[in-house]
Amino acid sequence: MEITSVRLVRLSAGKLRALASVTFDDEFVVHQIRVIHGSAGLFVAMPARRTASGAYRDIAHPVSASFRSKVQAAVLAAYEAPMEGEPSDKVESEI
């Protein structure tokens, strides 16, 4: 499975820096992937929902650590890419 595009909207809401949508094989997309600034730097958080007990649980996530790394690298590369000719809040990257 290949990542064919990453679209993101930059935010400035506390630690939340961006929301991304990642498309796989031009056929499947996952929305609401978050770029968060934590104590160790930027990291990617998968879409999650709050359970009745108040805990958060991922609703979509990579099964293997290697694919998680691949998704994180693609999202962070899109986040760190300079925005040439794009509106100030949207970036799209073709991988």
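Start by selecting Lys 70 in this predicted model and showing whatever it touches. Beyond its neighbours within four places in sequence, Lys 70 is in contact with Met 1, Glu 2 and Ile 3. Lys 70 itself belongs to helix α1, which spans residues 65-80. Is this lysine buried or exposed? Neither label fits: its relative accessibility is 34%, so Lys 70 counts as partly exposed.

Now add Glu 2 to the selection and show both side chains. They make a polar contact with each other at 3.4 Å. If you switch to C-alpha atoms, Lys 70 and Glu 2 lie 9.4 Å apart in space, although 68 residues separate them in sequence.

Next, zoom out and colour by secondary structure. You should find one helix and seven strands, and following the chain gives the order β-β-β-β-β-β-α-β. The protein has 95 residues, and 32% of them count as buried. For contacts between residues at least 6 apart in sequence, 36% join residues at least 24 apart. With the surface switched on, you are viewing about 6200 Å² of accessible area, 53% of it belonging to carbon and sulfur atoms.

Hide the surface again and go to the interior. In soluble globular proteins, nonpolar side chains tend to be buried together. Here the largest nonpolar core has 19 residues, and those touching the most other members are Ile 3, Val 6, Val 22, Phe 24, Ile 33, Val 71 and Val 75. At least two core residues come from each of β1 (3-13), β2 (16-24), β3 (28-38) and α1. Which of these elements gives the most to the core? That is α1, with seven residues.

Pick Ile 33 from that set and display its surroundings. Apart from residues within four places in sequence, Ile 33 is in contact with Ala 18, Leu 19, Ala 20, Val 22, Val 44, Ala 45, Met 46, Pro 47 and Val 75.

Then move to Phe 24, another of the core residues just listed, and select Phe 67 with it. The count of aromatic pairs comes to one, and you have it on screen: Phe 24 and Phe 67 are tilted, with 5.8 Å between ring centres and 40° between the planes. Both phenylalanines are buried. Phe 24 lies in strand β2 and Phe 67 in helix α1, so the pair ties together parts that are 43 residues apart in sequence.

For another ring, select Tyr 79 together with Arg 10. The charged end of Arg 10 sits over the ring of Tyr 79, at 4.8 Å from the ring centre.

Return to strand β2 and choose Thr 23. Thr 23 has a relative accessibility of 11%, so this threonine counts as buried. Its side chain makes a polar contact with the side chain of Arg 7 at 3.1 Å. Show the wider set of contacts beyond four places in sequence, and Thr 23 also brings you to Glu 2, Ile 3, Thr 4, Ser 5, Phe 28 and Val 29.

Finish on one of those contacts, Thr 4, which is found in strand β1. Thr 4 is buried as well, with a relative accessible area of 15%. What does its side chain reach? Look for the backbone nitrogen of Asp 26, at 3.0 Å. The C-alpha atoms of Thr 4 and Asp 26 are separated by 5.9 Å, and the two residues are 22 apart along the chain.

How values were computed: Residues are numbered from 1 along each chain as its sequence is written. This is a predicted model: local features need pLDDT of at least 70, side-chain atom pairs count only at pLDDT 80 or more; totals for chains, interfaces and linings use all residues. Side-chain values use heavy atoms; hydrogens and water are left out. Helices (H or I, at least four residues) and strands (E, at least two) are DSSP runs, numbered from the N terminus. Buried means under 20% relative accessible area, exposed over 50%, partly exposed in between (1.4 Å probe, protein chains only). Contact means heavy atoms within 4.5 Å. A polar contact is a pair of N or O atoms within 3.5 Å; within protein, one must be able to donate a hydrogen and the other to accept it, and residues adjacent in sequence count only if both atoms are side-chain atoms. A nonpolar core is a set of buried Ala, Val, Leu, Ile, Met, Phe, Trp, Tyr and Cys residues joined through side-chain atoms within 4.5 Å. Accessible areas come from the Shrake-Rupley method with a 1.4 Å probe; for residues, only the protein chains shown count as cover. Rings of Phe, Tyr and Trp (its six-membered ring) pair if their centres lie within 6.5 Å; planes under 30 degrees apart count as stacked, over 60 as edge-to-face and the rest as tilted. A charge sits over a ring if NZ of Lys or CZ of Arg is within 6 Å of the ring centre and within 35 degrees of the ring normal.
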